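Biologist: Pull up the model, please, and take me through what is worth a look.

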Amino acid sequence: MFNIKKFLFLGAFISILCMPMSVFAEDDAQDLGGKSDGDFMIFEDSNELESIDLAIQIFKVGVIEEEKEEKVQKQEQNQKKSDNKQEFSKEGGKMVSYMMSKNSGLSKENAQKIYNSVIKHSSTYGTDPYLVFAIMEQESRFNPNTSYQGAYGLMQLYYTTLPYLGIKMDEVYDIDKNIKAGVKEISGNISMFGNYTTALSAYNWGSGNVKRGTYNTKYANSVLKRKINIESKVK
């Protein structure tokens, strides 16, 4: 990895190597393998040799110190990642257990996939993951393969919205793609309406109905209650 300090050390080293050196040539010519005396450069005294040796030592020490610093920084980064992983493992384990308690047919492997996908896409779209889990519980009881009246999968994506959400019909039962599309939709609704209640109503009724005022908040209220319940069990 390029490092400015290493570059500076190397520059100092090269500068010292390029210091002027004395050239000597004796009057009497000698056969030096095809080269004359003047083609050879020697050091005037031992000071120049000592200077170059010192430069080499400085360069080596600088490189070693930089490598040590990089190693420490890497260890600190790995420790942070490890701490975050442990924190997520504790919270994630509770969420996985919660999902499996709500759907006895849900395998631990799929529950973990659901959790990881929700965390990933919630982070990408800036959405509360517990809101997503609450929607999922309301819509599908964490069943990746469910469908009802033209809505599909974990987030119950309605077939007419699929092109706008970037998901194909043959992908609706894919855990990660379904969650990504659902998070994208609720995130867009939150941006559009500015609050959870109206955004959730739009998720259920459609944004057109919400804009026309032809909806109620029963669905939204139910999801928000689920969110509070999930947080109390998992956090």
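**Rings, core and loops**

Biologist: In which helix do Tyr 130 and Phe 133 lie?

Modeller: Both are in helix α4, 3 residues apart, about one turn of the helix. Helices here are DSSP runs of H or I with at least four residues, strands are E runs of at least two, and numbering starts at the N terminus.

Biologist: What should I keep in mind about the model?

Modeller: This is a predicted model: local features need pLDDT of at least 70, side-chain atom pairs count only at pLDDT 80 or more, and totals for chains, interfaces and linings use all residues. Residues are numbered from 1 along each chain as its sequence is written, while side-chain values use heavy atoms and leave out hydrogens and water.

Biologist: Back to those two rings. Are Tyr 130 and Phe 133 buried or exposed?

Modeller: Tyr 130 and Phe 133 are both buried. Buried means under 20% relative accessible area, exposed means over 50%, and partly exposed is in between, with a 1.4 Å probe and protein chains only.

Biologist: How many aromatic pairs does the structure hold?

Modeller: It holds 5. The Tyr 130 and Phe 133 rings have centres 6.1 Å apart and planes at 55 degrees, so that pair is tilted. Tyr 158 and Tyr 159 make another tilted pair, with centres 4.8 Å apart and planes at 50 degrees. For the cut-offs, rings of Phe, Tyr and Trp (its six-membered ring) pair if their centres lie within 6.5 Å; planes under 30 degrees apart are stacked, over 60 edge-to-face, and the rest tilted.

Biologist: How does Tyr 158 count, buried or partly exposed?

Modeller: Tyr 158 is partly exposed, at 38% relative accessibility. Tyr 159 is partly exposed too, at 44%.

Biologist: Which residues form one aromatic cluster with Phe 133?

Modeller: Tyr 115 and Tyr 130.

Biologist: Now α4 as a whole. How many of its 12 residues are buried?

Modeller: 9 of the 12, so α4 is largely enclosed by the rest of the structure. Its buried residues include Leu 131, Ile 135, Met 136, Glu 137 and Ser 140. Its end C-alpha atoms are 16 Å apart, which agrees with the expected 16 Å at 1.5 Å a residue. That expected span is 1.5 Å times one less than the number of residues.

Biologist: Which residues touch the most other members of the largest nonpolar core?

Modeller: Met 95, Met 99, Ile 114, Phe 133, Ile 135 and Met 136, in a core of 38 residues. α4 gives the most to this core, with 7 residues. A nonpolar core is a set of buried Ala, Val, Leu, Ile, Met, Phe, Trp, Tyr and Cys residues joined through side-chain atoms within 4.5 Å.

Biologist: What is Met 136 in contact with, leaving aside its neighbours within four places in sequence?

Modeller: Ile 114, Val 118, Arg 141, Phe 142, Leu 154, Met 155 and Ile 179. Contact means heavy atoms within 4.5 Å.

Biologist: Phe 142, then. Where is it found?

Modeller: In the loop between α4 (129-140) and β1 (147-148). Phe 142 has 0% relative accessibility, so it counts as buried. Its phi is near 65 degrees, a positive value in a residue other than glycine. Most residues other than glycine have a negative phi.

Biologist: Which residue in the loop between β2 (151-152) and β3 (157-158) should I check next?

Modeller: Gln 156. Gln 156 also has a positive phi, about 50 degrees, and is not a glycine. At 10% relative accessibility, Gln 156 counts as buried. Gly 153 is found in the loop between β2 and β3 as well, and is buried at 0%.

Biologist: How far apart are Gly 153 and Phe 142 in space?

Modeller: 8.8 Å, C-alpha to C-alpha, with their positions 11 residues apart in sequence. Beyond neighbours within four places in sequence, Gly 153 has contacts that include Ser 140, Asn 143 and Pro 144.

Biologist: New topic. What is the strand order in the open sheet?

Modeller: β1-β2-β3, with antiparallel pairing. β1 and β3 stand at the edges with a single partner strand each, so one side of each lacks a neighbour in the sheet. Two strands pair if DSSP finds at least two bridges between them. β1 and β2 pair over 2 bridges, and Ser 147 stands opposite Tyr 152 in β2.

Biologist: How many helices and strands are in the chain?

Modeller: 9 helices and 3 strands. Of the 235 residues, 32% count as buried.
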